[in-house]
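Subject: Structure handover

Hello,

Here is the structure I said I would pass on. Please look it over first; my notes come after it.

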Amino acid sequence: MIFENKKKATLILADGTVFEGRAFGAEGCTVGEIVFTTAMTGYQETLTDPSYCGQIVTQTFPLIGNYGVNKTDPESNGSAVFGYIVREHCEEPSNFRCEGSLDEYLKSLGIVGIYDIDTRRLTKIIRESGVMNGAIVSGEFDKEKLLEEIRSYKVGVVVPKVSVREKEFYPAENPKFNVVLMDYGYKFNIRRELQKRGCNVTVMPYNASADEIKALSPDGIMLSNGPGDPQDNVEAINTLRELIPEKIPTFGICLGHQLLALANGAKTEKLKYGHRGGNQPVKDLALDKTFITSQNHGYAVIGESVPEAAGKVSHINGNDGTCEGVRYTNAPAFTVQFHPEACGGPHDTSYLFDEFIKLMGGNV
């Protein structure tokens, strides 16, 4: 690829490491927590996943953007990603669903991007040192001043930034159940998976009270994915703690999994560099079977901390043995760390939505 007349961009890490590259997407300066995903496809879903709020995403797959973007694939309205890093982006995508290029898409979302850097080297640094703050800047900059900003950056409490402000209702074509979807930063396909199984879905803000939820008389509660440190969400944890005795069938994904664990007295921890990508092996202990899953999280439930009186670990990660799911005995509830609703895949664990329907008393 020829880079004449391409604007210079720089990636600088908190440890002072500098990568020189080229700018694409929006121009400017952005600071965030740098993470990497090993997903080979689904970059538009990645860019619109609210769980990335506050983070600069690195794609380890070397060529991104080859099939373009469209209006169907986004997982949220807009993007919460703070920046985007790729080795090479395709400037002339080709696909029957293509409605635009990745560069144009980033510009429309205001996402600052950089390409033509050694993403393999960057990933190795993160794997060795752990998740690290950094900045992407196009044009000239004061390195020392920027380093101060980078090193002082914290993702902070971000769920309020990605949750709906008021409840929203989405009907099913042939409704059988009414489900409350707690929005901690949910991906649209969670809602779609419920709707196609006959669930009317009421999306509720992250800070909805237990009384507001009970007033809807739901057949089930869905706890969504979302960004940030789960322990920061004190209000949501207290609400779930109040709902446990109500014995409402509950299914949690990602952050929802972590929040219900915390509400039951378990503990969470930050992982060195997290699990992000579409190739994570997870063993379902009850089925004695391993599935390939899509994941996007930097924190995990400490399996040993789940109280015996509350439930037990149901899934474990095949790579590092971390907790990937909990089945509860003190309430009709189960949760998983991975994404059974994942687009663009894998779809190996979509059976968990069927389990949720059965938990509510339905037949699949």
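The notes below go through the barrel, then a later group of strands, then one helix.

Please keep in mind that this is a predicted model.

The barrel is made of seven strands, closing in the order S1-S2-S8-S6-S4-S3-S9, with mixed pairing. On average, neighbouring strands of this sheet are turned by 35° against each other, direction ignored. One of the pairs is S1 (residues 8-13) with S9 (residues 132-138), which run antiparallel and are joined by five bridges. In that pair, Leu13 is found opposite Gly134 of S9. Helix H2, residues 102-109, lies across strands S2 (18-25) and S6 (83-85), and runs at about 85° to S2.

Further along the chain is strand S19, residues 333-336, which is covered on both faces. Ala333 and Thr335 are buried on one side, Phe334 and Val336 on the other. S19 runs parallel to strand S14 (residues 250-253), with four bridges between them; Phe251 stands opposite Phe334 there. With strand S18 (residues 323-328), S19 runs antiparallel through three bridges, and Val336 is the bridge partner of Gly325. A hairpin of four residues leads from S18 to S19.

Last is helix H9, residues 255-263. Nine of its nine residues are buried, so the helix is largely enclosed by the rest of the structure. Among them are His257 and Gln258, along with Leu255, Leu259, Leu260 and Leu262. Just after H9, Gly265 has a positive phi of about 95°.

Regards

Methods: Residues numbered from 1 in each chain as written. Predicted model: local features only at pLDDT ≥ 70, side-chain atom pairs only at ≥ 80, totals over all residues. Heavy atoms only, no water. Buried < 20%, exposed > 50% of the residue type's maximum accessible area, 1.4 Å probe, protein only. Helix = DSSP H or I, 4+ residues; strand = E, 2+ residues; numbered from the N terminus. Pairing = 2+ DSSP bridges. Axes fitted to C-alpha atoms, helices over the stretch in contact; angles between N-to-C directions. Contact = heavy atoms within 4.5 Å.
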